Amino acid sequence: MASIRRTLSPVPRAGGVANLEVCSVGSPLSKSSSSPHSSAFVLGVFSPRSLRALERSKPKGQLWRKVLLHFFICFMIGVSIGFIPLASRNLSTSLMPKHQAFSFENTKIDLTSSINETTEFNATLNSTVKEQEQIDKVRNDVSNDKLLNEEPYLESQKLLIIVTQTVTNPFQAYYLHRLAQTLKLVSPPLLWIVVEMTSQSEETAEILRSSGIMYRHLVCKSNVTDTSLQGILQRNVALSHIETHRLDGIVYFADVDNIYSVEIFQQIREIRRFGTWTVAKLSGDKGSIVLQGPVCDGARVIGWHVNESNRRSKRFHIEMPGFAFNSTILWDPKRWHRPTLEPIRQLDSVKESFRVSTLIEQVVEDESQMEGLMNNCSSVMVWHIDLEPSHSFYPQKWMIKNYLDVILPLV
């Protein structure tokens, strides 16, 4: 007991490392661990007071070793956890050949029957492929026939360039409204070029805006005293506009005082270079209708309907509403092998009866370059009826100001 008291009584000091080492080493050197002396010794060594003294006495290097040891243990645990998915994948890969072998052994029994079924399937497949090839061939033939049949339709969608000159008169609004209603029934694309003299009037502009037709409102600013030359100058303004802007379509001069069938505009789209047809015109005595234009054998022009005294002097007996031509002739002379590069214009220096013929002479050389339209020139789809107003009065802007003036009062 005295020795035990002697061992436990000293309090370890900061510098007493020797006494601590004696206490810590003395336990394994004891001869019997079951003796009361040894148990008391162990309790004394592992008491809280002695442990705190032991921790105080440990050098700082051992703390870093402990930290490194913990870090190393955590690192190894993390690495081992990371290798678990790879191990499971390798395990499944190693088991795969056995499963495949098992499935192969199961399917090996039905191999003979499968070969027979495969042979029958291939024969059926070959026959199906041949049938599909025949069907595809028939479809290609049908599609080619459709394309051939649709070519005239695609050609019929060519742009129509309708040229109209208008002058101020009591029937101006009536004529423009009537022609606008006719052009609205024509399938697009259609461009309506309306030419006025001097300036754009508000009345004409309003009619064009309300028509719902694609249009261009042009002005001829030439000063002329002869009213018979106004139409020539206005047409030349339209021809210059088409040539400058290189409009690609079929040009047709549709005067406002003519009556047109809608079908004529659809047939005009079939023109390749120059097309012509017959026009019905009211005679001078207002009593009969005369025909003017070509006589055709099929689409070939072989003669003319002539009702004039100077029938031999004029080259082409065609009225202005009785022909149309391809607009590219105006701005692409090389394509049509024109003999001159001069611009095509209507001449005002010739007699009135020759003005239409001299214009056509600049477009074609002879009848061989013409196409007879409207059922081989046998159908009349244009009527020229000249209506002269009995008086020149018409309201400004087509609005009545004195609407309260009563001529015949109500009884």
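## Two residues with positive phi

Asparagine 376 is partly exposed, with a relative accessible area of 41%. This value comes from a predicted model. Asparagine 376 sits in helix 13. Its phi is near 60°, which is positive although the residue is not glycine. Most residues other than glycine have a negative phi.

Methionine 374 belongs to helix 13 too, which covers residues 374-377. Its phi is also near 60°, again a positive value outside glycine. Is methionine 374 buried or exposed? Methionine 374 is buried, because its relative accessible area is 0% and buried means under 20%.

## The chain as a whole

The protein chain has 411 residues, and 32% of them count as buried. There are 13 helices and twelve strands. The chain exposes about 27600 Å². Carbon and sulfur atoms supply 59% of that area.

How far apart in sequence are the residues that touch? Take the contacts with a separation of 6 or more. Residues 24 or more positions apart account for 69% of them.

## A cis peptide bond

Most peptide bonds are trans. The bond that joins proline 188 and proline 189 is cis, with omega about 5°. Where is proline 189 found? Proline 189 is in the loop between helix 7 (172-183) and strand 2 (190-197).

## Helix 8 and its two faces

Helix 8 spans residues 202-211. Which of its residues are buried? They are Thr204, Ala205, Ile207, Leu208 and Ser211. These residues lie on the same side of helix 8, because they cover an arc of only 160° around the axis. In an α-helix, residues three or four places apart point the same way, because there are 3.6 residues a turn.

The cover over the buried residues of helix 8 includes helix 7, strand 2 and strand 3 (215-220). The face turned away from the buried side carries the exposed residues Glu202 and Arg209. Glycine 212 follows helix 8, and its phi is positive, near 75°.

## Strand partners

Strand 7 (residues 279-282) pairs with strand 8 (residues 289-297). The two run antiparallel and are joined by four bridges. Valine 279 stands opposite glutamine 292 in strand 8.

Strand 7 also pairs with strand 12 (residues 382-384). Here the strands run parallel, and two bridges join them. Alanine 280 stands opposite tryptophan 383 in strand 12.

## Asparagine 258

Asparagine 258 lies in strand 5, which covers residues 258-260. Asparagine 258 is buried, with a relative accessible area of 3%. Its side chain makes a polar contact of 3.1 Å with the side chain of tyrosine 260.

What does asparagine 258 touch beyond its neighbours within four places in sequence? The contacts are Arg178, Pro321, Val382, Trp383 and His384.

## Two nonpolar cores

The largest nonpolar core has 37 residues. Those with the most contacts inside it are Ile193, Phe253, Phe274, Phe323, Phe325, Ile360 and Met370. Consider phenylalanine 325, leaving aside its neighbours within four places in sequence. Its contacts include Leu239, Ile250, Val251, Phe253, Phe274, Leu330 and Val363. Gly249 and Arg273 are also among them.

A second, separate core has 31 residues. Among them are Leu160, Tyr175, Ile268 and Met374. Met374 is the buried residue of helix 13 described at the start, with a relative accessible area of 0%.

Notes: Residues are numbered from 1 along each chain as its sequence is written. This is a predicted model: local features need pLDDT of at least 70, side-chain atom pairs count only at pLDDT 80 or more; totals for chains, interfaces and linings use all residues. Side-chain values use heavy atoms; hydrogens and water are left out. Buried means under 20% relative accessible area, exposed over 50%, partly exposed in between (1.4 Å probe, protein chains only). Contact means heavy atoms within 4.5 Å. Accessible areas come from the Shrake-Rupley method with a 1.4 Å probe; for residues, only the protein chains shown count as cover. A polar contact is a pair of N or O atoms within 3.5 Å; within protein, one must be able to donate a hydrogen and the other to accept it, and residues adjacent in sequence count only if both atoms are side-chain atoms. Two strands pair if DSSP finds at least two bridges between them. A nonpolar core is a set of buried Ala, Val, Leu, Ile, Met, Phe, Trp, Tyr and Cys residues joined through side-chain atoms within 4.5 Å. The arc is that of the directions from the helix axis to the C-beta atoms.
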